[in-house]
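Thanks for making the time this morning. I would like to walk through one model with you, moving from the annotated regions to a metal site, then to some charged pairs, and finally to a patch on the surface.

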Amino acid sequence: MSARHDPQRRRDRPAERDEERRAFREEAESLVRITAAPTIWSGHFLLCYCAVAIACAKAGAVPGWLTGGLLAASVAALAAIGWVGWRAFRQWNVTDTGDFSNPEGEAEDRHEFLGHAAFLLAIISFIGVVYVTMPLLLVEGCR
Amino acid sequence: MRLTGAATAAAAAALSLAGCAGRQSALSPGGADAAALGTLFWVMLGGAVLLWLAMNGMFFYVTRVNASAMPRRLANGMVIGGGIVLPTILLGALLGWGLSILPDQRQPDDGLTIRVHGEQWWWRVEYWPEGAAAPVVSANEIRLPVGERVGFRLDSDQVIHSFWIPSLGGKMDMFPGRETYVSLEAEAPGVYRGQCAEFCGESHAWMAFEAVAMPPDAFDAWLDAEAGAAAAPEGGAAERGAALFAREGCGACHAIRGTGHVGQVGPDLTHVGGRRSIGAGRLAATPEAFAAWITHTDSLKPGVRMPSYDHLSDADAAALAAYLAGLT
Ligand SMILES: [Cu+2]
């Protein structure tokens with residue numbers, strides 16, 4: 001355990017403690033942001049599969065309004081993932097630093113690395129949502 | 001040594017190519033459904049070979065031919081282009097293609113539906129021609145008219161099986177308590193082979209069937225005959241066989257329409273002598289095979305749900321065989 005986590009010392013230096021709290025909160029937020037895109041993807045996946053499964057089991061067919069609604073949900077999911085991805089891209093800050101790998105392990109590096117990871121996850125989530133949507137367009141009916 | 005190596009390779013190639021022809025091959029299609037899947041396979045195989053060559057060519061180039069550092073932009077471009085953009089587009093295109101084939105293989109039938117119920121390890125088969133109130137019951141063989149789309153409604157007894165006639169189309173799983181559907185259209189008359197394609201226990205590998213695609217007239221005549229009761233075979237041995245069938249209690253498990261035997265545990269034997277195989281593709285339907293099946297059931301088909309009648313004398317087995325082979 002480093003001195004930073006020593007409670008005695010924290011009480012001594014309130015300014016440093018606040019700074020630390022702020023930094024921690026920010027990283028906690030970007031941890032949420034990192035999971036946002038995959039969460040949207042899995043929510044969309046569950047929505048599509050459950051809704052179609054229930055429609056097929058109960059009605060034997062997928063009504064047009066349901067297909068339409070799920071397509072709208074796809075568009076919304078893609079837009080949300082796009083937004084998450086854009087923010088992550090900004091956080092990664094690769095265009096300013098030209099730094100792909102953020103290897104130093106400092107706070108700034110960690111911050112950018114989390115952006116990088118969130119950005120890549122947003123890409124794969126985007127592709128995932130597109131692939132999950134394709135059967136909606138190409139396979140009609142329940143068989 | 002080299003020469004034998006080359007000869008072995010050539011022989012192996014010839015063998016594996018021979019495996020592509022034949023009556024149980026997705027690569028020698030007997031209908032449009034299998035042809036569509038065959039094309040998909042060849043395109044994917046060709047694409048995979050191209051990609052393999054390209055990838056290894058690039059590996060070779062950057063490690064052996066020109067091992068100097070690459071410009072950063074080019075390297076990034078290759079990683080993003082070749083690692084993300086290209087696979088996304090290729091997989092998307094393949095997914096779209098595959099999904100567009102799916103509905104074709106589920107088209108409604110042109111009138112005839114065949115219900116197939118997977119058992120361990122055989123197939124209960126019911127023909128439902130258009131408007132039929134009751135099915136024509138059969139087992140372990142599928143007959144279908146050429147040039148007509150036939151619907152297959154599939155389910156299963158206890159475990160998951162999979163219904164697959166590779167030369168006619170894709171496979172479809174059979175679940176207990178849940179009906180699945182696939183439709184097939186044979187274009188060329190012929191005898192194809194189907195095989196259970198989902199591991200279902202000890203004798204899974206012996207769970208097969210013959211699939212006979214016939215000209216429509218011949219099919220209609222066959223179905224009429226199949227719907228009828230059994231005609232008692234004539235001749236001393238066959239008549240003794242009929243008596244043995246009753247004495248040995250075979251009718252507890254097997255039905256022969258037109259006799260008092262109504263068992264439902266095993267396959268319907270009303271026209272078993274007219275089938276091309278017995279024991280779900282296990283043996284050709286010859287009198288010798290019937291005798292062997294009855295007396296060596298469990299060694300021919302491990303785990304089979306029919307007792308071996310190994311106490312029967314050769315003469316009794318032959319008499320039973322004559323009776324069964326005569327049930328055409
Ligand atoms: Cu099986």
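UniProt, in an unreviewed entry, places the feature "domain: Cytochrome oxidase subunit II copper A binding" at residues 109-225 of chain B. What you have on the screen is a predicted model, and in that model the span 109-225 of chain B is 48% strand and 9% helix, with its end C-alpha atoms 23 Å apart. A second record, also from an unreviewed UniProt entry, lists "domain: Cytochrome c" at residues 236-328 of chain B. Residues 236-328 of chain B come out as 41% helix and 4% strand, and the end C-alpha atoms of that span lie 17 Å apart.

Let me turn to the metal. Which residues coordinate the copper ion? The donors are His161(B) through ND1, Cys196(B) and Cys200(B) each through SG, and Met207(B) through SD, at 2.0 to 2.6 Å. Along the sequence these donor residues follow the spacing H-x34-C-x3-C-x6-M. The arrangement counts as tetrahedral because the angles subtended by the four donor atoms run from 92 to 122 degrees, and the criterion asks that all angles lie between 85 and 135 degrees. Both cysteines of the site, Cys196(B) and Cys200(B), are buried.

Now to the charged pairs. Over all chains the structure holds 11 salt bridges, and I will pick out a few of them. Asp33(B) pairs with Arg149(B), with 3.0 Å between the closest N and O atoms. This pair links distant parts of the chain, since Asp33(B) sits in helix 2 of chain B and Arg149(B) in strand 5, residues 149-156, of chain B, 116 residues apart. Asp33(B) counts as buried, because its relative accessibility is 3%, and Arg149(B), at a relative accessible area of 5%, is buried as well.

Strand 5 of chain B also carries Asp155(B), whose side chain meets that of Arg115(B) in a salt bridge at 3.4 Å, N to O. Because Arg115(B) belongs to strand 1, residues 113-119, of chain B, this pair ties together parts that are 40 residues apart in sequence. Here the two partners fall into separate classes of exposure: Asp155(B) is buried, with a relative accessible area of 13%, whereas Arg115(B), at 25%, is partly exposed.

A further salt bridge joins Glu141(B) and Arg143(B), whose closest N and O atoms are 3.0 Å apart. Glu141(B) is buried at a relative accessible area of 3%, and Arg143(B) is buried at 10%. In addition, Arg23(B), Glu210(B) and Arg276(B) are joined into one network by salt bridges that share partners.

Finally, the surface. A nonpolar patch of about 920 Å² is formed by ten side chains that you can pick out on the model, namely Met55(B), Met58(B), Phe59(B), Phe60(B), Tyr61(B), Val62(B), Val65(B), Met70(B), Leu74(B) and Met78(B). Two elements of chain B give two or more residues to this patch, helix 2 (32-65) and helix 3 (72-101). Which element gives the most to the patch? That is helix 2 of chain B, with seven residues. Met70(B), for its part, lies in the loop between helix 2 and helix 3 of chain B, and with a relative accessible area of 38% Met70(B) is partly exposed.

I will stop there and take questions.

Technical notes: Residues are numbered from 1 along each chain as its sequence is written. Chains are lettered from A and ligands numbered from 1 in the order in which they are written. This is a predicted model: local features need pLDDT of at least 70, side-chain atom pairs count only at pLDDT 80 or more; totals for chains, interfaces and linings use all residues. Side-chain values use heavy atoms; hydrogens and water are left out. Patches are made of residues with over 30% relative accessible area and no salt bridge: like charges are joined within 9 Å, nonpolar side chains (Val, Leu, Ile, Met, Phe, Trp, Tyr) within 5 Å. Accessible areas come from the Shrake-Rupley method with a 1.4 Å probe; for residues, only the protein chains shown count as cover. A salt bridge is a side-chain nitrogen of Lys or Arg within 4 Å of a carboxyl oxygen of Asp or Glu. Buried means under 20% relative accessible area, exposed over 50%, partly exposed in between (1.4 Å probe, protein chains only). Donors are N, O and S atoms within 2.8 Å of the metal (3.2 Å for Na, K and Ca); water is not among the atoms, so sites may look incomplete. Four donors count as tetrahedral if all angles lie between 85 and 135 degrees; four count as square planar and six as octahedral if opposite donors are over 155 degrees apart and all others between 65 and 115; anything else is irregular. UniProt positions are given in the numbering used here, feature names are shortened, and annotations may be inferred rather than shown by experiment.
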